[in-house]
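Here's a walk through one protein model, from its domains down to single residue pairs. Keep the viewer open while you read.

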Amino acid sequence: MSDITLYAFPGRTRAERVMWVLAELNLEYKLVRLDLSKREHKSEAFLKLNSSGKVPVLLHDGEVYTESLAIMEYLNDISTTQHLIPRQAKQNYLFRNRLSYGQSEVEAYLWIADQATRLTRWYSWPEGTELDCIKLAGKNAAVINNWLDESEYIAGDVFSMADIYFYSLMTWAQVYELGFSDRANNYMRELESRDAFPEMLKTKSPQV
Ligand SMILES: N[C@@H](CCC(=O)N[C@@H](CS)C(=O)NCC(=O)O)C(=O)O
């Protein structure tokens, strides 16, 4: 039996995306919540696992895996039962298209908006950066409404890892009061009703 450990923080972070994937794939794991106040993520021991001192970090049979999306795809690869990434070429293209868009056109702006607001202790951005980022993230988030008008899920008509990723982005966008269509809000409620949905993701507390 494989041995999986996931490192996260006590609050909501990018680690919950990974937890959701682990639950969907029925993979058992041990969860280690690092103590942020003690800066355990910058300890010598943790920096040996991830030199950037960030979560999520996954250990699988003694090997280290970092970067939330790469970890999610890796877990899909090692699963012998369910699959959350479409294999057929055109569906797989759509899946990758959504992930790529989410990373470069939505998450990038949300992350800089976070850095320019609640993370100013560590990051320094020129005045106005937050508003510019929120405007761009909002414009791009509107594209999500269009996708959901055309298909049941983010990357077509089958639930995939892209839905897990976009749920995480959409709740993050809501921290900045970016609105979604009724259809998009219903889609989020449907995802929340999945058995594997981690309750933690419903909290609107910001990502660290
Ligand atoms: N691109 C990385 C980002 C990881 C990241 O920024 N994690 C945050 C928590 S969501 C973190 O560990 N922050 C602590 C720090 O930057 O010191 C991923 O997707 O895994």
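## Two domains

Let's start with how the chain divides up: the domain assignment splits it into domain 1 (4–78) and domain 2 (89–197). Bear in mind that this is a predicted model. The centres of the two domains, taken over C-alpha atoms, sit 21 Å apart.

Where they meet, 9 residues of domain 1 are in contact with 7 residues of domain 2. On the domain 1 side, H1 and H3 each supply at least two of the touching residues. H1 has the largest share of that side, with 6 residues.

## Overall build

The secondary structure adds up to 7 helices and 4 strands. In sequence order you get β-α-β-α-β-β-α-α-α-α-α. The radius of gyration is 17 Å, close to the 17 Å that the globule rule gives for 208 residues, so the chain is as compact as a globular protein of that length.

If you want a box for it, the C-alpha trace spans about 50 × 45 × 30 Å along its principal axes. Buried residues make up 32% of the 208 residues. As for contacts with a separation of 6 or more, 68% of them join residues 24 or more positions apart.

## The sheet

How are the strands ordered? They form an open sheet of 4 strands, in the order S2-S1-S3-S4 and with mixed pairing. At the edges are strand S2 (30–33) and strand S4 (63–66), each of which pairs on one side only. Ignoring direction, neighbouring strands are turned by 20 degrees against each other on average.

A bit of background: strands of a sheet pair through backbone hydrogen bonds, in either a parallel or an antiparallel way. Here, S1 and S3 pair in the antiparallel sense over 4 bridges. To see that register, look at Leu6, whose bridge partner in S3 is Leu58, and at Tyr7, which has Val57 as its bridge partner in S3.

S3 and S4 also pair in the antiparallel sense, over 4 bridges. Leu59 stands opposite Val64 in S4. The hairpin of S3 and S4 has 2 residues between the strands, and Asp61 takes a positive phi near 50 degrees there.

## The nonpolar core

Which residues touch the most other members of the largest nonpolar core? This core has 49 residues, and the ones with the most such neighbours are Val18, Val21, Ala113, Ala137 and Ala173. Plenty of elements chip in two or more residues: on the strand side, strand S1 (4–8) and strand S3 (57–60). The helices that do so are helix H1 (15–24), helix H3 (68–78), helix H4 (89–116), helix H5 (129–150), helix H6 (161–175) and helix H7 (182–192).

H6 gives the most to this core, namely 10 residues. The core also takes in both domains, drawing at least three residues from each of domain 1 (4–78) and domain 2 (89–197).

For a close-up, centre the view on Ala173, one of the residues that touch the most other core members. Leaving out residues up to four places away in sequence, Ala173 touches Leu110, Ala137, Ala141 and Leu178. Ala137 in that set is itself among the best-connected names in the core, being one of those that touch the most other members.

How values were computed
Residues are numbered from 1 along each chain as its sequence is written. This is a predicted model: local features need pLDDT of at least 70, side-chain atom pairs count only at pLDDT 80 or more; totals for chains, interfaces and linings use all residues. The radius of gyration is taken over C-alpha atoms; the globule rule is 2.2 Å times the number of residues to the power 0.38. A residue is buried if 20 or more other C-beta atoms lie within 10 Å of its own, exposed if 12 or fewer, and partly exposed in between; C-beta atoms are placed from the backbone. Two residues are in contact if their C-beta atoms, placed from the backbone, lie within 7 Å. A nonpolar core is a set of buried Ala, Val, Leu, Ile, Met, Phe, Trp, Tyr and Cys residues joined through C-beta atoms within 7 Å. Domain bounds come from an automatic or database domain assignment. Two strands pair if DSSP finds at least two bridges between them. Axes are lines fitted to C-alpha atoms, for helices over the stretch in contact, and angles run from 0 to 180 degrees between N-to-C directions.
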